[in-house]
Amino acid sequence: MAKIAFIGLGNMGGPMARNLLKAGHAVAAFDLNKAAVEGLVAAGATAADSPSAAASGAEVVVSMLPAGAHVKSVHAGEGGVIDSVAKGSLLIDCSTIDVATAREVIAVADKAGVDMVDAPVSGGVGGAEAGTLTFMVGGSDQAFARALPILEAMGKTIVHAGGPGNGQAAKICNNMLLGISMIGTCEAFALAEKLGLDHQKLFDISSKSSGQCWSMTTYCPVPGPVPTSPANRDYQPGFAVAMMLKDLKLAQEAAAKAGAAIPMGNQATSLYTLFDAAGKSGVDFSGIIEMLRGKM
Ligand code: NAD
């Protein structure tokens, strides 16, 4: 069992750290929010009062932070994790951040003789609690092999996506596609309504035809055809608009840097920006069907 420092104990990091404790690892916990640290101490962790205090003495450091700036300052900032861990340690950043920052921080770790992977997740708070997250991992073969047993305590599907930053690349490509496909699915249902075509009939046909996609068959944006989808509970998330918008903006940023054309991704970003600005940040992203119906 490993000595692990866990930094960032929010909605995702809290339950992920609990699963590491359940698997028998020793966890030193740090968050700017003291109540989050106390919660984890009650579950068996020890409290640390800085990233550096958590990291010194740890064999592995896991972080789950809001954005690239936090990851950069916690890991690569002066007196941060990379300055504090022993050579040969392993760092696993599970936050969703921009590809460029992920690659920059991993290069700093590499220079210091520390293995590091970017390992963003899919599966949300439910997956974090159940230990069934999907991890998309970027880093060297050696770093991935070392991270695997730690990630297995928090997730079910773990894919090595390639070199440093490729976990983030996989995450934003997937979520950009999801944003686009959800808007397309919503448009199809909104058009069906105008044409007098029943939701269930469109679902029965489209879910078995060439329009079939996850947004239709697993996360259907109208109530009825898929009882577990957020449409059946007034679009409570699920996956909130603010989260989708964050990932779409990361895709735009990466595409601009890489010179990739993403016209549909840009359109999806604009539509989710409008929906977000209408006060819908906390609504599930499939709720955008309301805007497409012109009902808000
Ligand atoms: P959150 O806001 O609930 O948690 C972030 C935590 O980081 C907070 O507790 C905050 O106090 C802490 N923090 C911020 N700066 C810090 C610092 N410098 N040092 C120590 N702690 C610091 O966010 P979350 O929902 O847990 O999401 C975390 C990451 O996971 C984000 O990158 C998000 O995009 C990604 N993600 C979230 C979900 C989800 O459903 N919530 C799903 C997939 C991926």
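In this predicted model, Glu-104 and Lys-72 form a salt bridge in which the closest N and O atoms are 2.8 Å apart. The pair links distant parts of the chain, since Glu-104 belongs to helix α6 (residues 99–111) and Lys-72 to helix α4, with their positions 32 residues apart in the numbering. Glu-104 is partly exposed, with a relative accessible area of 38%, and Lys-72 is likewise partly exposed, with a value of 37%.

A second salt bridge brings together the side chains of Arg-146 and Asp-115, at 2.9 Å from N to O. Because Arg-146 lies in helix α8 (residues 141–152) and Asp-115 in strand β6 (residues 115–118), this pair ties together parts of the chain that are 31 residues apart in sequence. Are the two partners buried or partly exposed? Arg-146 counts as partly exposed, at 32% relative accessibility, whereas Asp-115, at 13%, counts as buried, because the limit for that class is under 20%.

The salt bridge between Lys-257 and Glu-253, with 3.8 Å from N to O, is set within a single element, for both residues lie in helix α12, four residues apart, which is about one turn of the helix. Lys-257 is exposed, with a relative accessible area of 61%, while its partner Glu-253 is partly exposed, at 34%. Elsewhere, Glu-193, Glu-290 and Arg-293 are joined into one network by salt bridges that share partners. The count of salt bridges in the model comes to five.

From these charged pairs the description can turn to the open space in the model. The largest pocket holds about 1300 Å³ of space, and its lining is made up of 42 residues, of which Met-12, Met-64, Thr-96, Phe-239 and Met-243 lie nearest the centre of the pocket. The elements that contribute two or more residues to this lining are α4 (68–76), β7 (121–122), α7 (124–130), α9 and α12 (241–258). Which of the elements gives the largest share of the lining? That share, six residues, comes from α9. Two helices on this list have already been met, since α4 carries Lys-72 of the salt bridge with Glu-104, and α12 carries both Lys-257 and Glu-253.

Helix α9 also helps to place a feature of the surface, where Leu-191, Leu-195 and Leu-197 make a nonpolar patch of about 300 Å². Leu-197 is located in the loop between α9 (166–194) and α10 (199–206), and this leucine is partly exposed, with a relative accessible area of 37%.

Another loop residue, Ser-286, offers a contrast with Leu-197. Where along the chain is Ser-286 found? Its place is in the loop between α13 (263–280) and α14 (289–292), and there Ser-286 is buried, with a relative accessible area of 0%. If its neighbours within four places in sequence are left aside, Ser-286 is in contact with Met-182, Cys-186, Tyr-219, Pro-221, Pro-230 and Tyr-235. The two loop residues can thus be set side by side: Leu-197 is partly exposed, whereas Ser-286 is buried.

Conventions. Residues are numbered from 1 along each chain as its sequence is written. This is a predicted model: local features need pLDDT of at least 70, side-chain atom pairs count only at pLDDT 80 or more; totals for chains, interfaces and linings use all residues. Side-chain values use heavy atoms; hydrogens and water are left out. Patches are made of residues with over 30% relative accessible area and no salt bridge: like charges are joined within 9 Å, nonpolar side chains (Val, Leu, Ile, Met, Phe, Trp, Tyr) within 5 Å. Accessible areas come from the Shrake-Rupley method with a 1.4 Å probe; for residues, only the protein chains shown count as cover. A salt bridge is a side-chain nitrogen of Lys or Arg within 4 Å of a carboxyl oxygen of Asp or Glu. Buried means under 20% relative accessible area, exposed over 50%, partly exposed in between (1.4 Å probe, protein chains only). Contact means heavy atoms within 4.5 Å. On a 1 Å grid over the protein atoms alone, a cavity is a set of points where a 1.4 Å probe fits but cannot get out, and a pocket is an open set with protein on both sides within 12 Å along at least five of seven lines; lining residues have an atom within 4 Å of a point. Grid points are joined across faces, edges and corners, and a volume is the space filled by probe spheres set on the points.
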